[in-house]
Amino acid sequence: MSKVRCRFAPSPTGHLHIGGARTALFNWLFARHEGGEFLLRIEDTDVERSRDEYTQAILAGLKWLGIDWDGEPVFQSRRLELYRREATRLMDEGKAYYCSCLPAELDAMRERALKEGRKPKYDGRCRARVEHPADRPRVVRFKNEQEGETAVDDLIQGRVVFQNEELDDLVLIRGDGTPTYNFAAVIDDHDLGMTHIIRGGDHLNNTPRQIQLYEALGYALPRFAHHPLILGQDKSKLSKRHGATSLISYRDLGYLPEAVMNFLVRIGWSHGDQEVFTKDEMVKLFTIEDVGKAPGVWDADKLLWFNGHYIRQRPVAELGELALPFFKEKGYAVSLDDRFLRIIELHQPRVTTLMELPEKTAYIFDDKIEFEEKAHKKFLKPENAPVLSKVMDRLDALAAFEEKALEQAFTGLAEEMGVKLGKVAQPVRVAVTGRAESPGLFELLPLLGKPKTLERIRRAIEECNLQ
């Protein structure tokens, strides 16, 4: 068998969807596992809808995810002459023909077929037409086999058989001279030496048409593998309402690429009970045989779980660098200094996205904090005002506002009062953070600083006395 070559072929008419990203990942993993090549083809023959900004966004998204490709991307818009030449060859060989049917005729044809209970398809009325009206645009149609069947031996779905009478005469070249998807894809996949075509199950119905084109053009068939699509948790087609937007939006929402990659590969592919995979493990273990036939289900909570896992695995310095833009977007004047990295380190176990970091640490940077209702009611009540006053006096007397000195001050005060440490520390936690849960108080207070700590405790005492 020749060296494995496969590809990802997005259309730059919009941003790269998360489902397309998974198709790219499956192709990339298969190629790398087999020691083969992975190519990128940009299907930009839709002149009206294709945009360079979308092309750049697709490239940026793949790079962010960690997918590289061999050679330069191939653009279909630069290969139009090849498609036209092959269409002319099919016509010369009697395998294709000109069609000058108007849109109104095609619509009437479909309506009649539906009324008669037949599958709406082109009826071949131009197959034998020699002369065409000069004022009508012409397309080139393929003479599809009308009898027998076409079988797809799919590496995932198994053998799928299509009746040729159900297939119509496919348009190869549009009236403006551009190729249709099926025609250009077949020519490119042959010309670029693709050995495997791995794509979503929504392309399975295109495959018998493409197989007939391969045979008519005298091309060797590649192997096909159609993986199931991703469904929402309600088992409907994945859409934005399920939280699935463009790939690059997950970067902007604070997800790590390794988390998204791990999450995507696990939708439809498995290796025993293992959930977490490094990129090297994915390449080593990925096989088409392990891709299931059943549709995968989108699970936003699982994606968050993966992201939280990888956030906890990241070195603090790297995490701080990744998080910095999210803090600046919130208007916080921060830099990668020791204080900022310490803030990141303390909150690293408590977040699931990078976007959460400035939200979870806002109490450190904001001048004034808001108290959570439940925490306020439970801990900022009149009987805690004396406790907070004693803490404020003890902290005000400290020469060094650092972890060890703070711990001694709090434990000493608790012993003097004859209460557990939590009776002293918890009201202070709410006073300085506004919430009942936070990183360790002794680690946190030095980051707030003595003046801000004392001011917040003073405000909390006022809140207690208002109850």
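**Figure 1. Residue classes in the lining of the largest cavity of the predicted model****.** The lining of this cavity has 5 nonpolar residues, 3 polar residues and no charged residues. His15, Leu16, Ala57, Ile58, Gly61, Ser246, Leu247 and Ile248 make up the lining. Two elements, α2 (52-65) and α7 (247-252), give two or more residues to the lining of the largest cavity. The largest share, 3 residues, comes from α2. The space in the largest cavity is about 40 Å³. With a threshold of 30 Å³ or more, the count is 1 cavity.

**Figure 2. The largest pocket and its lining****.** The volume of the largest pocket is about 1,000 Å³. It is lined by 37 residues, of which Pro10, Ser11, Gly20, Asp202 and His203 are the closest to the pocket centre. By class, the lining of the largest pocket holds 13 nonpolar, 15 polar and 9 charged residues. At least two lining residues come from each of β1 (5-8), α1, α5 (181-191) and β9 (196-200). Helix α1 gives the most, with 5 residues.

**Figure 3. The largest nonpolar core****.** This core has 106 residues, and Val260, Phe410 and Ile457 are the members that touch the most other members. Helix α1 (residues 18-33) gives the most to the core, with 9 residues. In soluble globular proteins, nonpolar side chains tend to be buried together.

**Figure 4. Contacts of Ile457****.** Once neighbours within four places in sequence are set aside, Ile457 is in contact with Leu388, Val391, Met392 and Leu395, and also with Val428, Ala431 and Val432. Ile457 is one of the residues of the largest nonpolar core that touch the most other members.

**Figure 5. A second nonpolar core****.** This core is separate and has 30 residues. Among them are Leu90, Val140, Val160 and Leu204.

**Figure 6. The protein chain around these sites.** The secondary structure of the chain comes to 20 helices and 12 strands. The radius of gyration is 32 Å, well over the 23 Å that the globule rule gives for 467 residues, so the chain is more spread out than a compact globule. Along the principal axes, the C-alpha atoms fill a box of roughly 105 × 50 × 35 Å. Of the 467 residues, 51% count as buried. Among contacts in the chain with a separation of 6 or more, 75% are between residues 24 or more positions apart.

Note on methods
Residues are numbered from 1 along each chain as its sequence is written. This is a predicted model: local features need pLDDT of at least 70, side-chain atom pairs count only at pLDDT 80 or more; totals for chains, interfaces and linings use all residues. Side-chain values use heavy atoms; hydrogens and water are left out. On a 1 Å grid over the protein atoms alone, a cavity is a set of points where a 1.4 Å probe fits but cannot get out, and a pocket is an open set with protein on both sides within 12 Å along at least five of seven lines; lining residues have an atom within 4 Å of a point. Grid points are joined across faces, edges and corners, and a volume is the space filled by probe spheres set on the points. Helices (H or I, at least four residues) and strands (E, at least two) are DSSP runs, numbered from the N terminus. Ala, Val, Leu, Ile, Met, Phe, Trp, Tyr, Cys and Pro count as nonpolar, Asp, Glu, Lys and Arg as charged, and the others, Gly among them, as polar. A nonpolar core is a set of buried Ala, Val, Leu, Ile, Met, Phe, Trp, Tyr and Cys residues joined through side-chain atoms within 4.5 Å. Buried means under 20% relative accessible area, exposed over 50%, partly exposed in between (1.4 Å probe, protein chains only). Contact means heavy atoms within 4.5 Å. The radius of gyration is taken over C-alpha atoms; the globule rule is 2.2 Å times the number of residues to the power 0.38.
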